[in-house]
Every structure is written in C-alpha cells, then in structure tokens.
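User: Hi! I am new to reading protein structures. Could we go through this one together, a question at a time?

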Amino acid sequence: MLDIQFIRENVDAVKEAARMKGIDVDIDRLIHVDNERRSLIQAVERLKHERNENSKRVKSLAGEEKTKLIERTRAIGEEIKALEGRLDAVLAEWRALMLRVPNVPSPDTPIGTSEEDNVEIRRVGTPPAFSFPPKNHIELMTLHGMVDVERGVKVAGSRSYYLIGDGLRLHLAVQQLALDLLAERGFTPMAVPVLVNGFALEGTGYFPLGEEQAYHCETDDKYLIGTAEVSLAAYHYDEILREEELPKRYVGVSECFRREVGSAGRDTFGLYRVHQFSKVEQVIIGPNDEAMSRRLHDELLENAELILQRLELPYRVVQVCTGEMGQGQVRKHDIETWMPSRGGYGETHSCSTFHDFQARRLKLRYRKADGSLAYCHTLNNTAIASPRILIALVENHQQEDGSIRIPEALRPYMGGRVFIGR
C-alpha cells in the first residue's frame, strides 16, 4: 500500500506504474473517493466537537434555552450516525482501491511487457557440454529410485510427486546447506506457520490480486502460504520496532503451496511447476532508507548466488522488467539456473525490494532516534526452492554411466558420498 498523499502528489507516475505492471485500478476514482473520505471525516469531527461543546454548556443553562440545546445535541447525534454510515461505505471503497494501487518501479527498472524484456546482468559458470545423450531429471531420478510421479498423481492429482530415498536426502541437503550458510551470515533461522490468517497475505501483497493462487481452508478461514515470506514479513505485524535493532535478517524454512491457476500447459513436465514444494526464504526488515535498501537487496542477491556457486551450478542474473514485476515490487532480480533438459535457464530465485509497501499494510513501524515513527522497508529473496533446484542439480551433474555427482559442499549432508548411483 502506498501513502495516499504520495498518490495524490504523483498521480501520473502511479497511473503509469499501473499501466506498466498491467494492474487494473482507477486512480481518478480513488482520488475522488479520497476527497469524499476527507470531507466526511472533517464533517464528523466538526459535529463531534459541537456536540462536546454543547455537553459542556448545557449544565449552565435552564428553561427553553436548555431544551433547545438538548434537542440540537440529539439532532447532531443523528447527523453523526448518518454521516458515519456514509463514511463506512466510502472507507470500504477507498480501502479496496488502495489495495490495488501498485508501487512505482525504480528508475533503473527495464521497461517491458514479458520475460523477453528482462535484462541480463551477468552469467556465472559454463553449462556442461556432454559427450553423451543426457537424461532429463525424471529419467535420472526414476533410474535411482528418487522420485515417483505416477503414484504422486494417483494419490494427490496433477503436479504431485513422492521424493524417495536419495531424492528426499538431496531435497533436505540443499535446504540445510542454505540454512547453514545464511546462519553464518547473520540470519536468524525460523520454522514458520504455513497456515495463516488472511491479513498476512493481504499485508505482504499477495491479496487481493493473487487470491486465486492460494489454497483456502474455508472452515477455519485460513490460507496455505506460497512462500515463507508471508509468515516472516508478518512476524512483526502491528508492532513498533527500535531503530537500533534494524535491519532484522530472518531465514524461514517451510512447505509452500500454490494452485498455479492459469498455468495449464506451461512448464508442466517433471518437477518444475508443482503444487507443493519447500523453500528456504530470506527476509530483511530494514529502516526507511532507500540507499540502505539497495545495499540490502544486493546482499540478498549475493547470498543466493553463493549458494548456487557452492552447488556448482551455472546461472545468470536478470533484472526483471516492469511487466513481469509484482504489484508491490520497486526493484526485482531473478536468478535463472541452467537446466539441460530445458535447453536454457529456468528461474530458481526472485529477489525483491518493496520499500514501505508491505510495512504500511502490516502496520510495521519503528521509532527513530528523534522519537518520530516511520514505516519499515522490507525485502526478500529465495535462498533455495526444492524440488525445482533438483532439476538443475541432477541434470548438470549427471555422468555418462547415469550416476549423479554430488557437489562437494553437499557431501557432508549426504553422508560423505561423492555419487548417487555408484
């Protein structure tokens, strides 16, 4: 959510942000409703002031004058009730519109409408040149009894799977590697709730525009999260932090759930786009300082790159264009890891800066040294997401005999083994 005063002072920039991000919101209607909201609030406050003054005066009056004042005060009460009824309706529309307003992308964000317009920043590592016909991840993992998609679909429906034996061990190993690395770099590890109240998803910007992607447990009116970012960013909901304790660095591990509405026929093979997966997610809550947020963004990106380097995987970093950004993002980079079966890079990490967009929704503030209050800035980035990362791991490290080499950094988590399948 943006500051309404910022919207009023930057109408054209906000309209352009909505156009570039493809978000349908009527900014002119919002300004009109905001004018009505302000007018009604002022009218109610004036009447309440008059009523309070009358209550003080009535004690000193008598006779007809007192009777008239009492009648006027009662009439004021009816006027206030009517105005507050109108105000409630106006506030409901105002809030609904405010929740659709997008954040304005940073000036260095590439302009574009699709992933084709993302700008490559750098490539690290060289994709393998196999001297043999390489297998895809499902072939490799099936060969070694690491996955069972057929029974996963039988039990849970499309895009479901079982990870078995070394499939599960590898899945857990990459998560533990990421957790250990981030703990070394000052992040507090957390196991987070995966079933949350709606305010957490609204607060982080996944509702209302992404509500169709969430699994809703209607009986309890709770939702399954699609990323630990939701639970981590909402951890300090409606709190006032101290400036000296910022930035706070958290890393959450959780199961994640996404309905993948609208993705039928898209990336459906294997383990790339599934309904249930695990993530280790980085979240930073920082001060309201744009320059520091940029440095923290780069820190998050560096952490993810370091994990991929330890996994010995080729990847590239792209800066995401306006049309591919989410509603609240000011700045966004994706990391795409080389996946031989795709013949290209596939997204494995997304790094996002929100400034105070999420914090305003989450009522997350801090007290500055001068005693004033300010909304925090929030940022996040994937540390690792599995089983998607397993695609890159098994395909890039496959050997001619069908075995899979385990990267050196993962071997301590895999019992010291060097290969799967030997």
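**Strands, charges and turns**

Analyst: Happy to! Strand E6 and strand E7 (residues 222–224) pair in the antiparallel sense, over two bridges. Keep in mind that this is a predicted model.

User: In what order do the three strands of the open sheet lie?

Analyst: Let's begin at the edges. Strand E5 (195–196) and strand E6 (216–217) each pair on one side only, which makes them the edge strands. The pairing is antiparallel, and the order of the sheet is E5-E7-E6.

User: Which residue in E7 is the bridge partner of His216?

Analyst: E6 covers 216–217, and E7 covers residues 222–224. The bridge partner of His216 in E7 is Tyr223.

User: Is Glu115 buried or exposed?

Analyst: Glu115 lies in the loop between helix H4 (63–98) and strand E1 (119–124). On the surface, it gathers with Glu116, Glu324 and Glu347 in a patch of negative charge. Its relative accessibility is 53%, and the cut-off for exposed is over 50%, so Glu115 counts as exposed.

User: Which residue does a cis peptide bond join to Pro247?

Analyst: Pro247 sits in the loop between strand E8 (240–242) and strand E9 (248–257). Omega is about 0° for this cis peptide bond, and the residue joined to Pro247 is Leu246.

User: What is the relative accessible area of Asp238?

Analyst: You can find Asp238 in the loop between helix H9 (228–233) and E8. Its phi is near 60°, a positive value in a residue other than glycine. Asp238 is partly exposed, and its relative accessible area is 47%.

Conventions:
Residues are numbered from 1 along each chain as its sequence is written. This is a predicted model: local features need pLDDT of at least 70, side-chain atom pairs count only at pLDDT 80 or more; totals for chains, interfaces and linings use all residues. Side-chain values use heavy atoms; hydrogens and water are left out. Two strands pair if DSSP finds at least two bridges between them. Helices (H or I, at least four residues) and strands (E, at least two) are DSSP runs, numbered from the N terminus. Patches are made of residues with over 30% relative accessible area and no salt bridge: like charges are joined within 9 Å, nonpolar side chains (Val, Leu, Ile, Met, Phe, Trp, Tyr) within 5 Å. Accessible areas come from the Shrake-Rupley method with a 1.4 Å probe; for residues, only the protein chains shown count as cover. A salt bridge is a side-chain nitrogen of Lys or Arg within 4 Å of a carboxyl oxygen of Asp or Glu. Lys and Arg count as positive and Asp and Glu as negative; His and the chain ends are not counted. The place of a charge is taken as NZ of Lys, CZ of Arg, CG of Asp or CD of Glu. Buried means under 20% relative accessible area, exposed over 50%, partly exposed in between (1.4 Å probe, protein chains only).
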